[in-house]
Amino acid sequence: MVEVIDFGIRDYGEILHQQENLFHTLIEEKKEGIKGKEYILIGEHAPVLTMGRRAKSSNILISDEILKKKRIGLYQIGRGGDVTYHCPGQITVYPILDLDRHGLGVKDYVALMEEAVIILLQKYGIKGERVEGATGVWIGKGTSVERKICAIGIKCNRFCTMHGFALNVNNSLEGFTFINPCGFKDKGVTSMQEELQNGDAVENKQLPDIEKIKRELLHIFLSLIFPLEEILNLPE
């Protein structure tokens, strides 16, 4: 059984603490042979930078003083990857899952997250793709304007997961100019809104409400893993 928790717009630290509690509970239950409840946390964050296990401080391009002035939080966390940025208008999804239960390896799981986003983007006429050696979903693959629309970073212990993926929907992209996103210096960042209004995907098209996109993304992602009858609190 999996429970969906929509946390709205919350500070990163609060949701990180909630993730950690659920993650460690799932691991302990697994050790004891108990089939614990799984969770999907979904929502948005106040502006924050998060640095993964291999992040380099040199990939943050502004000083601590400017971060404070702009009220941007900073967290060193246990996921894979380098530095990324979260803010309102970006959907973050944090699955707390036991991959063994679903017959998934870590690479398969990451590919599944990418696939869910690619399918969602297709609904809006946006071509999302994978780029070899660069986790996540990208637009303009192989061109001089290759740009990331979805970042992925997870932590896995005993094949239980936390952290997850972040899809840029209608958020400001300014915060990404303060960093080398995911450690890349030669690639851009985009959003669904940017692509729909300024890209080549479709003629100008009004972006649907972010709540609608959250529901669509949840349905796609969860349908790749769970029978619908096993999902609690799935928005219609």
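Start with the whole protein chain in view: it has 236 residues and a radius of gyration of 17 Å, which agrees with the value near 18 Å that a compact globule would have. That radius is taken over C-alpha atoms, and the globule rule is 2.2 Å times the number of residues to the power 0.38. You're looking at a predicted model, where local features need pLDDT of at least 70, side-chain atom pairs count only at pLDDT 80 or more, and totals for chains, interfaces and linings use all residues. Residues are numbered from 1 along each chain as its sequence is written, and side-chain values use heavy atoms, with hydrogens and water left out.

**The whole chain**

Switch to a cartoon and you'll find five helices and 12 strands. These are DSSP runs (helices are H or I with at least four residues, strands are E with at least two), numbered from the N terminus. Turn the C-alpha trace along its principal axes, and it spans about 50 × 40 × 30 Å.

Now show the surface. The protein chain exposes about 11,300 Å², and carbon and sulfur atoms supply 48% of that; the area comes from the Shrake-Rupley method with a 1.4 Å probe. As for the residues, 51% of the 236 count as buried. Buried means under 20% relative accessible area, exposed means over 50%, and partly exposed is in between (1.4 Å probe, protein chains only).

How do contacts link up the sequence? Take those between residues at least 6 apart: 74% of them join residues at least 24 apart. A contact here means heavy atoms within 4.5 Å.

**The cysteines**

Select cysteine 156 next. Cysteine 156 is partly exposed, with a relative accessible area of 32%. Why doesn't the sulfur of cysteine 156 bond to the closest cysteine sulfur? That closest sulfur is in cysteine 160 and lies 7.2 Å away, too far for a bond. A disulfide needs a pair of cysteine sulfur atoms within 2.5 Å, and a search of the whole structure finds zero of them. Then jump to cysteine 87, which counts as buried at 3% relative accessibility.

**Two positive phi angles**

Most residues other than glycine have a negative phi. Now click phenylalanine 159, in the loop between strand S9 (147-157) and strand S10 (160-168). Phenylalanine 159 isn't a glycine, yet has a positive phi of about 65°. This residue is partly exposed, with a relative accessible area of 37%.

Move along to histidine 163, in strand S10. Histidine 163 has a positive phi too, about 60°, and isn't a glycine either. Is histidine 163 buried or exposed? At 3% relative accessibility, histidine 163 counts as buried.

**Serine 191**

Go to the loop between strand S11 (188-189) and helix H4 (192-198) to find serine 191. Serine 191 is buried, with a relative accessible area of 2%. Which residues does serine 191 touch? Not counting residues up to four places away in sequence, the list is Ile149, Asn168, Val169, Asn171 and Leu173. Try a distance to asparagine 170 as well: the two are 21 residues apart in sequence and 6.3 Å apart in space, C-alpha to C-alpha.

**Last stop: isoleucine 225**

Finish in the loop between helix H5 (210-223) and strand S12 (231-232), where isoleucine 225 is found. Isoleucine 225 is buried, with a relative accessible area of 15%. Leaving aside its neighbours within four places in sequence, isoleucine 225 is in contact with Leu97, His102 and Leu112. For threonine 135, the C-alpha to C-alpha distance from isoleucine 225 is 20 Å, and the two are 90 residues apart in sequence.
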